Amino acid sequence: MDVAQFKEFADASLDFIADYCENIRQLPVLPNVEPGYLSREFPQTAPQKGESWKHIMEDINTSIVPGLTQWHSPYFHAFFPTGQSYPAIIGELFMAGIGAVASNWESSPAVVELEVRVMDWLAKILGLPEEFLNSSDGPGGGVIQTAASESTLVGLLVGKHRKLQEVKSSNPNLQDCGILGKLVAYTSKESNSSVEKSGIIASVKMKLLPTDADGSLRGSVLEEAIRKDKEDGLIPCCVVASLGTTGTCAFDNIEELGKICQRENMWLHIDAAYAGTALSCPEYRYLLNGIEYVDSFNFNAHKWFLVNGDCSALWFRNTKQVEDAFKLKNIVDLPQFLPELEHWQIPDHRRFRALKLWFVIRIYGVQGIQKHVRHHISLAKHFRSLVESDLRFEVITSNLGVICFKLRQSEAVTQRILENIAKRRKIYIMPYYYKKQLLFRFVICSRFITVEDVECSWREISSQTSEVLKTLEEA
Ligand SMILES: *Cc1c(COP(=O)(O)O)cnc(C)c1O
């Protein structure tokens, strides 16, 4: 491909992307394809001769788009929002075009320095304490990771290392293997499945503790679990607390958990993957109560913060402890620039992801981000009032953009309604089992969503409920 063809392809691609975004409301939110559809349409082997980009564009329209779930459709209410915005798309383009990666400062100064700066911007936007900033006098700092899952793993691994060192220093006769097998970490039953998985990867037993009536992990439950485990000779090393669980967006009690972590010298990692974005608005900063006990704090800018994936922000109170765990001891050259972000992550290099954050923050401005968050939350409140006005339903939880509600009728009826809604493919909502109840889980996701869209989605749920109830009465 020469530069002239590149420009043609790029122009056509930008047209495609702009049309795709602006017309997304018209596309069915769920595709109508059978498993394996693509392998029947595409050849089994790669082309021998290069093809024209125009052929690829045709296939995009005829084979790719029909198999897409429209994550940015205003009728997409499943999972969580996934980040996408025009500035972030251009950021991705620049990232690919420049094509730089960085490990240390020398490998690409702008990549490292922009990341250091925008991570501080971001920390200030969320209202994190000064100690977490790269520019603070102390050892705090932030770096962009690939995913919330990876950030949890990093937090857990550092917590594991810190506890190992602590136990060894007070019991010099103990072998590493004797200590490692006894380490235990805690999270709640409501935490994301990636937390349990991080325990498997890190070889640390991850205990899933029960939550209170609001889905929150409380200090007394942690206290009791630690007491029992210590009696059994285990060594507690880490707590992964959720600010905004994936199911109902419940908030663990950081203050209660934090006091215990401090006393036990356990690492406290916060997974605020979705809800962290709400901290951009000062009215939600109360969620940070207890942050003074937190060792690592993570949120996904690639969820609600309008940045395309991947872009997961992770801050540490003390990056020296991270370097203690991850930095190779035989590196002797004097650092040319601090902080050394390359030692706070698993991969060797980082892509220039800071560009996406920089573009989004500069083009939206803090006020633009706040407007986006408040718009979504006000739509969630509106949806909640629609559910509440229908006596067939009961709202069970409602936090930020996530509303979980149930039908007062039997769960079998709920199942039928969900099946019908899925078959019609007009909206995408998911069931969620919470405290032994089958709920409808409805999330405000798309950046294009309007109040009319929310009402339209509600009409679909309400009318399908009427349909199912009618057929049951007739039967
Ligand atoms: C989405 C989510 C995750 C997983 O995020 P990835 O970036 O895909 O790893 C983890 N925790 C919570 C609370 C989430 O909502």
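Is Glu-388 buried, exposed or partly exposed, and what is its relative accessibility? In this predicted model, Glu-388 counts as partly exposed, with a relative accessibility of 42%. The residue forms a salt bridge with Arg-384, in which the closest N and O atoms are 2.8 Å apart. Arg-384 is likewise counted as partly exposed, at 31% relative accessibility. Both residues belong to helix H12, which covers residues 354–388, and because they are 4 residues apart they are separated by about one helical turn. In general terms, an α-helix has 3.6 residues a turn, so residues three or four places apart point the same way.

The structure holds 24 salt bridges. One of them pairs Arg-350 with Glu-115, with a separation of 2.9 Å between the closest N and O atoms. Since Arg-350 lies in strand E9 (residues 350–351) whereas Glu-115 lies in helix H5 (residues 109–126), this pair ties together parts that are 235 residues apart in sequence. Arg-350 and Glu-115 are both buried. A further salt bridge joins the side chains of Arg-218 and Asp-212, at a distance of 3.1 Å from N to O; here Arg-218 is partly exposed, its relative accessible area being 30%. Salt bridges also link Glu-223, Lys-230, Arg-263 and Glu-264 in a network.

Attention turns next to helix H9. This helix, spanning residues 219–231, has 13 residues and reaches 18 Å from its first C-alpha to its last, which is close to the 18 Å expected at 1.5 Å a residue. Its buried residues are Gly-219, Leu-222, Ala-225, Ile-226 and Asp-229. When H9 is seen down its axis, these buried residues fall within an arc of 130°, and they therefore line one face of the helix. The elements against which the buried residues of H9 pack are strand E3 (183–188), strand E4 (205–209), strand E5 (235–242) and helix H10 (254–264). On the face of H9 that is turned away from the buried side, the exposed residues Ser-220 and Glu-231 are found. Just after the helix, Gly-233 takes a positive phi of about 85°.

How values were computed
Residues numbered from 1 in each chain as written. Predicted model: local features only at pLDDT ≥ 70, side-chain atom pairs only at ≥ 80, totals over all residues. Heavy atoms only, no water. Salt bridge = Lys/Arg side-chain N within 4 Å of Asp/Glu carboxyl O. Helix = DSSP H or I, 4+ residues; strand = E, 2+ residues; numbered from the N terminus. Buried < 20%, exposed > 50% of the residue type's maximum accessible area, 1.4 Å probe, protein only. Expected span 1.5 Å × (residues − 1). Arc of directions from axis to C-beta. Contact = heavy atoms within 4.5 Å.
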